[in-house]
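The report that follows describes a ligand site, the residues around it, two helices and the nonpolar interior. The sequence and the structure come first.

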Amino acid sequence: MTSLRTSRAQPRDDRSWRPQSWRESPAAQQPQWPDQAAADAVLRRVGELPGLVAGWECADLGRALAGVAAGRGFVLQGGDCAETFGTLSAIGLHSRCRLLSSMAHTVTAGSGLPAVMIGRIAGQYAKPRSSATEDVGDAHLPSYRGDMINAAAPDPGARRPDPSRMLTAYFHSAAAMNGLRLRPAGEQPVYASHEALVLGYEEALARFDPELGSWTGTSAHLLWIGDRTRAPEGAHVRFLSGLANPVAVKVGPSASLGDVLALCAALDPDRTPGRLTLITRLGAPAVAAALPPLIRAVRAAGHPVVWVCDPMHGNTRRTKSGYKTRDVSVICAEIRGFFTAHRECGTHPGGVHLELAGEHVTECVGGCVNPVAEDKVPHAYQTACDPRLSPAQALECAAVVAAELNR
Ligand code: PEP
Ligand code: CO
């Protein structure tokens with residue numbers, strides 16, 4: 001462990017941090033706007049508009065996550081892979097929040113632990129992509145990068161990055177955030193989160209909170225860095241390092257122990273419970289061997305992180321007819337492997353991160369109630385990006401969580 005400790009990057013000097021400091025570091029996956037002056041004008045406008053969340057709300061979530069880090073709660077984070085402007089509706093928000101609540105009830109009834117609900121909602125409008133181009137039917141097109149950047153329609157004009165979409169994303173996020181706030185009195189909050197991918201947009205919504213004496217990323221309560229943009233010396237880490245929000249990082253199979261420790265040092269230099277969530281997405285076959293060394297190294301370095309399992313992104317495959325899908329049995333296998341690893345290490349399995357829909361979609365195969373057969377996948381395949389669990393499939397995952405917490 002000593003060598004791991006010494007390989008840790010030094011914490012950054014926070015006093016030098018500004019919302020624009022990320023511009024000094026390499027920024028992966030940024031949109032290539034055809035007209036930079038137009039993009040700058042949009043971002044100036046976003047910068048004039050009100051923030052979408054308050055610093056004190058983010059601090060509330062931070063306290064809830066500190067409880068989870070200490071073993072006194074469980075995170076249910078979920079929603080669309082990619083939200084779209086056209087599918088934002090009151091009913092859609094309600095059905096996703098209701099599903100998260102039902103999952104929370106299942107987990108709490110089974111384990112006695114309070115659940116912390118966090119939506120991939122109200123800002124999940126930008127997508128990192130592995131390839132600059134993709135094939136849609138017979139067309140070879142620039143990749144869809146989320147409604148904040150371009151449109152999913154399969155024609156080259158729609159795929160051109162359009163900076164005015166950032167303003168549209170802001171207003172849709174504001175409307176959805178308001179929807180999250182309209183929950184019935186007495187119900188637990190659903191916090192908002194998304195991948196902080198487009199750094200110009202996130203910078204425009206970073207606001208100094210004089211009461212807290214710190215900068216808040218006001219685009220969401222919790223912001224995360226994706227597996228493709230988590231370079232410890234990269235711009236995304238630099239940006240999130242200066243925000244007071246609770247933050248998260250996706251950790252995929254290519255992350256080394258050194259990477260993970262460098263991320264912890266950069267994002268949680270003060271070892272604050274609840275400040276940093278590590279969302280592992282290692283794949284069901286790999287989790288048993290890959291997760292325990294990460295847990296032990298992070299614990300040895302003294303970071304009181306929240307460990308969350310994303311059993312979706314390491315387990316994507318294609319059906320014979322070419323649809324991206326995931327098997328519920330494999331998703332549940334990664335969840336069980338995550339719990340086994342934490343039992344082995346004596347640490348708290350803090351939550352799950354799922355892509356789910358409030359409607360009865362047929363994007364993932366399997367499930368014990370009304371299972372989706374592979375040939376039925378095209379019936380209600382509606383996702384703009386990755387395949388989501390249906391409500392029945394998501395509740396099955398919550399039941400697996402409750403059973404594992406009870407062991
Ligand atoms: C996602 O959450 O949709 C995503 C792209 O995940 P990851 O960064 O883990 O690949
Ligand atoms: Co996804």
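Ligand 1 is surrounded by Cys81, Arg120, Lys127, Pro128, Gly226, Asp227, Arg228, Lys250, Arg281, His313 and Glu355, where a residue is taken to be near a molecule if one of its heavy atoms lies within 4 Å of it. The model is a predicted one, in which local features need pLDDT of at least 70 and side-chain atom pairs count only at pLDDT 80 or more, while totals for chains, interfaces and linings use all residues. Residues are numbered from 1 along each chain as its sequence is written, chains are lettered from A and ligands numbered from 1 in the order in which they are written, and side-chain values use heavy atoms, with hydrogens and water left out.

**The ligand site**

Three basic side chains place a polar atom by an oxygen atom of ligand 1, as the table sets out. A polar contact here is a pair of N or O atoms within 3.5 Å; within protein, one must be able to donate a hydrogen and the other to accept it, and residues adjacent in sequence count only if both atoms are side-chain atoms.

| Residue | Partner | Distance |
|---|---|---|
| Arginine 228, polar side-chain atom | Ligand 1, oxygen atom | 2.8 Å |
| Lysine 250, polar side-chain atom | Ligand 1, oxygen atom | 2.8 Å |
| Arginine 281, polar side-chain atom | Ligand 1, oxygen atom | 2.7 Å |

Of the 290 Å² of accessible area that ligand 1 has on its own, the protein covers 97%; such areas come from the Shrake-Rupley method with a 1.4 Å probe, and for residues only the protein chains shown count as cover.

**Two buried arginines**

Arginine 129 lies in the loop between β2 and β3 (133-136), and with a relative accessible area of 17% it is buried. Buried means under 20% relative accessible area, exposed over 50%, and partly exposed in between, with a 1.4 Å probe and protein chains only. Its side chain reaches the backbone oxygen of tyrosine 144 at 2.8 Å. Leaving aside neighbours within four places in sequence, arginine 129 is in contact (heavy atoms within 4.5 Å) with Gln29, Glu134, Ser143, Tyr144, Arg145 and Arg228, and Arg228 is also one of the residues around ligand 1.

Arginine 388, in the loop between β14 and α11, counts as buried at 8% relative accessibility. Its side chain makes a polar contact of 2.8 Å with the side chain of aspartate 80, and another, of 2.7 Å, with that of glutamate 363. Beyond four places in sequence, the residues that arginine 388 touches include Cys81, Glu355, Leu356, Gln382 and Gln393; Cys81 and Glu355 are also among the residues around ligand 1.

**Helices α4 and α11**

Helices (H or I, at least four residues) and strands (E, at least two) are DSSP runs, numbered from the N terminus. The 22 residues of helix α4 (residues 90-111) should span 32 Å at 1.5 Å a residue, and the 31 Å between its end C-alpha atoms agrees with this; the expected span is 1.5 Å times one less than the number of residues. Its buried residues, among them Leu93, Arg96, Leu100, Met103 and Val107, pack against β1 (74-79), β2 (115-120), α5 (164-181), β5 (190-195), β14 (351-355) and α11 (391-406).

Serine 111 lies in helix α4 and, at 24% relative accessibility, counts as partly exposed. A polar atom of its side chain lies 2.6 Å from the backbone oxygen of valine 107. Just after α4, glycine 112 takes a positive phi of about 80°.

Helix α11 has 16 residues and reaches 22 Å from its first C-alpha to its last, close to the 22 Å expected. Its buried residues include Pro391, Gln393, Cys397, Val401 and Glu404, and what covers the buried residues of α11 includes β1, α4, α10 and β14.

**The nonpolar interior**

A nonpolar core is a set of buried Ala, Val, Leu, Ile, Met, Phe, Trp, Tyr and Cys residues joined through side-chain atoms within 4.5 Å. The largest has 95 residues, and those with the most contacts inside it are Leu278 and Leu389. The largest share of this core, 8 residues, comes from helix α10 (residues 328-345). Not counting residues up to four places away in sequence, leucine 278 touches Val249, Val251, Val260, Cys264, Val298, Val305, Val306, Trp307 and Val308. Apart from this core lies another, of 13 residues, among them Val68, Val75, Ala248 and Ile279.
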